[in-house]
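Good morning, colleagues, and thank you for attending. I would like to introduce a structure that is new to this group, and I ask that you keep the view before you as I speak.

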Amino acid sequence: MKKILLLSLALMLSVVAVAQDKLNEGVLIAKQTMSSDNEQMNAQLQAMGDSQATTYFKDDKSRSETSSPMTGDMTIIVDGTEKQMLMLLDQGMGKKYMLQSFEPSEVDLKNVSVEKGDETKTVMGYECQQYFVKMKQNGQDVEMQMFTTEQISAFSHNTTAMGDKIDGYPLYFIMTINQMGANIVVTSEITEIKEESVSDDKLSLTPPEGYTKMEGM
């Protein structure tokens, strides 16, 4: 009995140790849900159901893929060294891309307020630090509560507007957007972390064939 208990304890400690090793390459799977305090809008969001986001990452490069009836297929590739972001959109009416710098200006940063919270949250074995964010995005008020870990090197497009005010990759966040007098709440949580090799082709900032540049961008 004692040997079984010791073995169980050793296995638990080994799982924790593996989870806390810094991960520089792999795949993250996130579950995303949306709701609203507007009854009609909430009914539409609930009818669409939950969505899934898949993020491939290697060092400070990452590629996030999402698909939903509202946005169609959307891919965002970010390069933390080059400070460049490539967005690919396939909404059924043609394939479009946008390539631009994501480095926020001083004016942008003045519209962002970041406060480090007092709480931590364990997500998939990683201890994450709490942050509160308030910002304006396209004229709309956005509030976020994030829990981030520095044990994963992935670069998140959800934190680019905050400059260096937030450390780490968000494994869990709740975002509230006020749109036309209604609040839309987006919740995202990493539900699977896979340590595997990622092809450099997936992280290229070169727009793929078949995509045309968005007008005015």
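Strands, in what follows, are DSSP runs marked E with at least two residues, and they are numbered from the N terminus. What I am showing is a predicted model.

Let me begin with the sheet. How many strands does the open sheet have, and in what order do they lie? There are twelve, with mixed pairing, and the order is 7-8-9-10-11-1-2-3-4-5-6-12. Strand 7, residues 112–123, and strand 12, residues 212–213, stand at the edges; each has a single partner strand, so one side of each lacks a neighbour in the sheet. As a general point, strands of a sheet pair through backbone hydrogen bonds, either parallel or antiparallel.

I turn now to the stretch that starts with strand 1. Strand 1, residues 25–36, runs antiparallel to strand 2, residues 51–58, and eight bridges join the two. Within this pairing, I29 has T54 of strand 2 as its bridge partner. Strand 2 also pairs with strand 3, residues 61–68, in the antiparallel sense, over six bridges. There, K58 is matched with K61 in strand 3. The hairpin of strand 2 and strand 3 has two residues between the strands, and D59 takes a positive phi near 55°. Across strand 1 and strand 11, residues 182–194, lies helix 2, which comprises residues 39–48 and runs at about 145° to strand 1.

Next, please look at strands 8, 9 and 10. Strand 8, residues 126–137, and strand 9, residues 140–149, are antiparallel partners over nine bridges. Q137 has Q140 in strand 9 as its bridge partner. In the hairpin of strand 8 and strand 9, with two residues between the strands, N138 takes a positive phi near 55°. Strand 9 pairs in addition with strand 10, residues 169–179, through eight bridges in the antiparallel sense. Opposite E143 stands T176 of strand 10.

One residue of strand 9 deserves a closer view, namely F147. Is F147 buried or exposed? Its relative accessible area is 4%, and F147 is therefore buried, the cut-off being under 20%. Beyond its neighbours within four places in sequence, F147 is in contact with ten residues that I shall take in part: among them are E119, T120, C128, Q129, Y169 and P170. The C-alpha atoms of F147 and Q129 are separated by 5.0 Å, although the two are 18 residues apart along the chain.

At the other end of the discussion is strand 6, residues 95–101, which pairs with strand 12 in the parallel sense over two bridges. The bridge partner of K96 in strand 12 is T212. Y97 also has its place in strand 6. At 17% relative accessibility, Y97 counts as buried. Setting aside residues up to four places away in sequence, Y97 touches several others, including L86, L88, P207, Y211 and T212. Y97 and M74 are 23 residues apart in sequence, with 9.8 Å between their C-alpha atoms.

Finally, I come to the second largest pocket. Its volume is about 450 Å³. Which residues lie nearest its centre? They are F155, T159, G163, D164 and I166, out of 22 that line the pocket. By class, this lining has eight nonpolar, seven polar and seven charged residues.

Thank you for your attention.

Technical notes:
Residues numbered from 1 in each chain as written. Predicted model: local features only at pLDDT ≥ 70, side-chain atom pairs only at ≥ 80, totals over all residues. Heavy atoms only, no water. Pairing = 2+ DSSP bridges. Helix = DSSP H or I, 4+ residues; strand = E, 2+ residues; numbered from the N terminus. Contact = heavy atoms within 4.5 Å. Axes fitted to C-alpha atoms, helices over the stretch in contact; angles between N-to-C directions. 1 Å grid on protein atoms, 1.4 Å probe; cavity = no way out; pocket = protein on both sides within 12 Å on 5 of 7 lines; lining within 4 Å. Points joined across faces, edges and corners; volume = space filled by probe spheres on them. Nonpolar A, V, L, I, M, F, W, Y, C, P; charged D, E, K, R; others polar. Buried < 20%, exposed > 50% of the residue type's maximum accessible area, 1.4 Å probe, protein only.
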